[in-house]
Amino acid sequence: MNNRYTVVLAAGKGTRMQSKLYKVLHKVCDRTMVELVLDSVADLNMKEIVTVVGHGAELVKKAVGNRSKFVLQSDQLGTGHAVKMAKDILADKKGTTIVMYGDTPLIKSETVDNMLKHHEETRAKATVLTSYTENPYSYGRIIRDEKGKLLKIVEEKDASVTEKQIKEINSGIYCFDNELLFEMLELVKNNNTQGEYYLPDVLYLLREKSEKIETYFCADFDETFGVNDRVALSYAENVMRKRINEKHMLNGVTLVDPSSTYIAPNAIIGRDTTIYPNVTIKSNTIIGDDCKIKPNSYLENSKIGNSVDVLQSTIIDSEVGDNSTVGPYAHLRNNTVLGSDVRVGNFVELKNAKYGNGAKTSHLSYMGDVTVGDNTNIGCGTITVNYDGKNKYETKIGKDTFIGCNSNLIAPLEIGNGVVVAAGTTVTENIKDDTLAIARVKQENKEGYAKRLPAGRK
Ligand code: UD1
Ligand code: MG
């Protein structure tokens, strides 16, 4: 096997997106397009991956991270010019270079792999991935000679009326003999309608030199779909969503209504879990087996155990243990970690809360910066008063404790094991194990008084 390199072009602004955000950073199913393109070569043994950045360089670098080297293209003079920017890193290397554009998010790894194999087996000096579409507008067209061999690629804006009829298109994904690629890039000119240095011209130059050029046909046009505006972005989103949803269904997950189920590409979902309509599962979320993720739930960067029931709730950056139930209308965030058999009910907000096994907060509470021991019950309306307007403070509650309804827990605070806090108590002092704490004004009953009051006179 040849040494393999990849160059991904991601320097363009993406004018047609009409956006402050640079094109390749727009997301398809919660993953940036440039990351999706890089994903497609992640398992193909690349010796070197170079991403060409320009507009929004720092943001693109941040999105891509350390999986690639970067080169800067300060002026966007065309796709050929962009590849040339990788010269210092790649030009003297022997092997095969794949060039991809950062705006083709639907390309599959197996297709790139097959193209690479075809390129290597045929010993071609260049191979271009082509596809067929009924609506080829805006794509480069594949022009073949009388023998059916690739002659050249003509851009939409340079194409004649007859060339525009051609429905075989350039995907923008190529394999090149690395050394020849950089040699030919020196010869590419910008004498075209857009005044740009076109990468596809390298193919024509190689043909002129009688080098072997191949095309590799991708039967699924969607894989080669290029995103240049937001109409295309929504199309890509739909294709990707369908793909992701079908993968999960085939793996044993029930999606009650796939058309309203939004799952990020890297989410993991266990068998016999059911996802109900209008559920969003964002990146880095793992859900176990036998869960029910019921309507209108939103899960992000979170880990859900087995047999968990989530209803109309939002779970962000948090973990939920086995057999727990969350919701309806609960909000877990900021490193909340729940043990097993926990119950978090209606209108409960948990922030940086650690709950032991069997702990419960069933109604109308805010519990923030708190540890709650096993089997402790937090009554309806309990609030951790964790913020004094400037700093946040922690509350520690032991196991088998019972916090009565409508208690205020003024942090910093430690409440022991087996404690009972009477309803309506504002707790300001630490409470030792097995203690009853009560702090409320004593009730007085004035018999007969009710009739003297306006309400009592009726
Ligand atoms: C390009 C191809 C076209 C192909 C289509 C497939 C050329 C000249 N045209 O057209 O044949 O059918 O893709 O989707 O190659 N970029 C840079 N620097 C530049 C110019 C572009 O990094 O100077 C990057 C862009 O960020 C983008 C990619 O290259 O990710 C492609 O550029 P774009 O303007 O989208 O080209 P298309 O018009 O789609
Ligand atoms: Mg494009």
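## Aromatic contacts in a predicted model

Tyr235 has 37% relative accessibility, so this residue counts as partly exposed (buried is under 20% relative accessible area, exposed over 50%, partly exposed in between, with a 1.4 Å probe and protein chains only). This is a predicted model, where local features need pLDDT of at least 70, side-chain atom pairs count only at pLDDT 80 or more, and totals for chains, interfaces and linings use all residues. Residues are numbered from 1 along each chain as its sequence is written, and side-chain values use heavy atoms, leaving out hydrogens and water.

Searching the whole structure turns up six aromatic pairs (rings of Phe, Tyr and Trp, the last by its six-membered ring, with centres within 6.5 Å; planes under 30 degrees apart are stacked, over 60 edge-to-face, the rest tilted). Here are two of them:

| Pair | Centre distance | Plane angle | Kind |
|---|---|---|---|
| Phe221 and Phe225 | 6.1 Å | 90 degrees | edge-to-face |
| Phe225 and Tyr235 | 4.7 Å | 50 degrees | tilted |

Phe225 sits in the loop between β11 (213-217) and α9 (230-250), and Tyr235 in helix α9, so their pair ties together parts ten residues apart in sequence (helices are DSSP runs of H or I with at least four residues, strands E runs with at least two, numbered from the N terminus). Phe225 is buried at 12% relative accessibility, and Phe221 is buried too, at 15%. Together with Tyr139 and Tyr235, they make one aromatic cluster.

Charges also turn up over rings (NZ of Lys or CZ of Arg within 6 Å of the ring centre and within 35 degrees of the ring normal). Lys392 lies over the face of Tyr387, 5.0 Å from the ring centre, while Arg452 has its charged end over the ring of Tyr449, 4.3 Å from the centre.

Notes
Chains lettered and ligands numbered in written order.
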